Amino acid sequence: MAQHVASPTVTTPVVPAKLPLKDIAPWAVFFGVLMLVLLYFVGAEQGATSVVSGEDVHEWVHDARHLLGFPCH
Amino acid sequence: MNSATVRNLLVRGMLAGLGAGLLALIVAYFLGEPNVDKAIGFEAAHAPAHEHEVELVSRSLQSTAGLATGVLIYGVAFGGIAALAYCFALGRLGRFTPRATALLLSGCALLAVYVVPFLKYPANPPAVGNGDTIGKRTTLYLLMMVLSVLLAVAATILGKRLAPSLGTWYATVAAVAAFALAIGLAYAFLPVVNEVPGDFPATVLWRFRVSALAIQITLWGTFGLVFGELAERLLHPKPVTAATARPVAAPH
């Protein structure tokens, strides 16, 4: 008990500072789009829509697509 | 300075996503793959003889390297997106430490990104689903996912708005109830998809879906813990030294 009273700064919850929106926005836009493109290739390419012709992408990620919950075929 | 923090969090998010993807891959391989194989066995037994197509990618590659590619990219991509959402959530959700914020965000992401869409449009093994409706099913699934994420964000904002008048507890209860109501309406009005063949084994379907859920719980749970740890060390290096200094201060 005594050591808790002795060091009140340790028990005080540390609320992190907010990051300004203008600092997040450029990263969010660029990497947000990039990540969504990656998800598109794992989840939907050569299924509902095709950017690359053929079936190779679909067949390669076939099992992942089923197990990650995306409609596959 | 703050822009560098965003970059550092993003990098850590993608790394944590990769680590979480590795664990999810283990779950996918050992729990998920046996059911995929059983479903393919069912499909092969029921397909007319002329429909056996030439394999572009062999089964052994699909179930190992192909599965790994998909799951790891999924982990890194959602890790990056979650890290960006985290940059926004940090300090804006309430009195949560960086580590607690990460786990909270991760839990909400599991619900909004996966569990809510899954309850309406669950994962299906091979042999379940008509190839002609793939466009409609993909649209509905993505629509449900986007709707669920947007409603979760809206519910969070609602909770923050109500907090000053209702108090944090009742504001949270009200926000969650509003989310549940909106999701319930979406479930009721979006079309039903049921393309399970009548003689498809029910246990295989059940086990496949449970294993799909286990993959996501592993992924988001690991991500929340690992990313939380990395973010805590990045944002608050001091509490770690204060904690180690405590036993020294105790004898006095």
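**Exercise 1. Find where confidence is lowest and highest in chain A, then do likewise for chain B.**

Solution. Confidence here is pLDDT, the predictor's confidence in each residue on a scale from 0 to 100. In chain A the lowest mean, 48, belongs to helix 1 (residues 2-6) of chain A, and the highest, 94, to helix 5 (residues 62-67) of chain A. Helices and strands are DSSP runs numbered from the N terminus, with H or I over at least four residues for a helix and E over at least two for a strand. Chain A averages a pLDDT of 83, and 81% of its residues score at least 70.

In chain B the lowest mean pLDDT is 54, in helix 7 (residues 237-249) of chain B, and the highest is 97, in helix 5 of chain B. The chain B average is 91, with 91% of the residues at 70 or above. For the model, ipTM is 0.88 and pTM is 0.88.

This is a predicted model, in which local features need pLDDT of at least 70 and side-chain atom pairs count only at pLDDT 80 or more, while totals for chains, interfaces and linings use all residues. Residues are numbered from 1 along each chain as its sequence is written, and chains are lettered from A and ligands numbered from 1 in the order in which they are written.

**Exercise 2. Describe the secondary structure and burial of each chain.**

Solution. Start with the elements. Chain A has 5 helices and 0 strands; chain B has 7 helices and 0 strands.

Next, burial. A residue is buried if 20 or more other C-beta atoms lie within 10 Å of its own, exposed if 12 or fewer do, and partly exposed in between, with C-beta atoms placed from the backbone. By this rule 32% of the 73 residues of chain A count as buried, and 38% of the 252 residues of chain B.

Last, extent and contacts of chain B. Its C-alpha trace spans about 80 × 40 × 35 Å along the principal axes. Two residues are in contact if their C-beta atoms, placed from the backbone, lie within 7 Å. Of the chain B contacts with a separation of 6 or more, 84% join residues 24 or more positions apart.

**Exercise 3. Characterise the side of chain A that touches chain B.**

Solution. Count the residues: 42 of chain A are in contact with 56 of chain B. Then assign them to elements: helix 1, helix 2 (8-11), helix 3 (21-43), helix 4 (56-60) and helix 5 of chain A each give two or more residues to this side. Helix 3 of chain A gives the most, 10 residues.

Then sort by class. Ala, Val, Leu, Ile, Met, Phe, Trp, Tyr, Cys and Pro count as nonpolar, Asp, Glu, Lys and Arg as charged, and the others, Gly among them, as polar. The result is 26 nonpolar, 9 polar and 7 charged residues.

**Exercise 4. How do helix 4 and helix 5 of chain B pack?**

Solution. Axes are lines fitted to C-alpha atoms, for helices over the stretch in contact, and angles run from 0 to 180 degrees between N-to-C directions. The axes of helix 4 (residues 134-166) and helix 5 (residues 168-189) of chain B come within 8 Å and cross at roughly 150 degrees. The two helices are therefore roughly antiparallel; the cut-offs are under 35 degrees for roughly parallel, over 145 for roughly antiparallel, 65 to 115 for roughly perpendicular, and oblique for the rest.

The crossing is right-handed, meaning that the near helix is turned clockwise from the far one by less than a right angle, whereas anticlockwise would be left-handed. The contact includes Leu147(B), Leu151(B) and Gly159(B) of helix 4 and Tyr170(B), Phe179(B) and Ile183(B) of helix 5. Its residues divide into 18 nonpolar, 5 polar and no charged.

**Exercise 5. Treat helix 3 and helix 6 of chain B in the same manner.**

Solution. The axes of helix 3 (residues 98-120) and helix 6 (residues 202-235) of chain B come within 8 Å, crossing at roughly 160 degrees. This makes the pair roughly antiparallel. The crossing is right-handed. The contact has 15 nonpolar, 5 polar and 3 charged residues.

**Exercise 6. Where is Gly17(B), and what does it contact?**

Solution. Gly17(B) is in helix 1 (residues 2-46) of chain B. It counts as buried because it has 30 C-beta neighbours inside 10 Å. Beyond its neighbours within four places in sequence, Gly17(B) contacts Gly75(B), Val76(B), Phe78(B), Gly79(B), Gly80(B) and Phe223(B).
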